[in-house]
Amino acid sequence: MLKKILGKLSKNIKDEEVFAYTSGEIVKIEKVPDPIFSEKMMGEGIAIMPSDGKVVAPIDGEIIMIAETKHAFALRTALGEEILIHIGLETVELKGEGFTSFVKVGDKVTRGQSIIEADLEYIEKNANSKLIILVITNSLEGKYNFEWENTQKAKVGETKLFSTCLK
């Protein structure tokens, strides 16, 4: 009984679940057509080929970065994960065109909260890809264990992508 209670307490403190930040087809990070991501130079991650331009917080956290060009943002979770979401490839060249941001640095956000709306049609015409990538930028520190879900389709805010716990 005590073991069961302690196990639950421990799990609540040390585990996090990260959910789909957009809807679409899930793509393994190794298949992203950019070596910075596919070779995990920035860390562990996953990508989604989006079916719409709604991009939300994948987990509760604090916004710690929004690119001036609005093509990327990062948040820090309670467990300390630093999650970067990068919308499209070579989208920095769009200089913010095609992106609308709903948050600012320092904002506390909840899972499913709208962060950025991306004009996928515009991105498709003017950038290399509309693929939206999630990277845990501090995963290279080796503090976390990841348990990846085996899912092909993502529904924004609902599909669990992975669980994380401290090593």
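A residue counts as buried when its relative accessible area is under 20%, as exposed when that value is over 50%, and as partly exposed in between, using a 1.4 Å probe and protein chains only. By that yardstick, 47% of the 167 residues of the protein chain are buried. Keep in mind that this is a predicted model, in which local features need pLDDT of at least 70, side-chain atom pairs count only at pLDDT 80 or more, and totals for chains, interfaces and linings use all residues. Residues are numbered from 1 along each chain as its sequence is written, and side-chain values use heavy atoms, leaving out hydrogens and water.

Let us start with the whole chain. The protein chain has three helices and 14 strands, where helices (H or I, at least four residues) and strands (E, at least two) are DSSP runs numbered from the N terminus. Its C-alpha atoms fill a box of roughly 60 × 30 × 30 Å along the principal axes. Contacts, meaning heavy atoms within 4.5 Å, often link distant parts of the sequence: among those with a separation of 6 or more, 69% join residues 24 or more positions apart.

Now zoom in on one residue. Ile 29 sits in the loop between β2 (24–28) and α2 (35–38). Ile 29 counts as buried because its relative accessibility is 2%. Beyond its neighbours within four places in sequence, Ile 29 touches several residues, including Phe 37, Lys 40, Ile 46, Ile 133 and Val 135. Gly 43 lies 14 residues from Ile 29 in sequence, and their C-alpha atoms are 9.7 Å apart in space.
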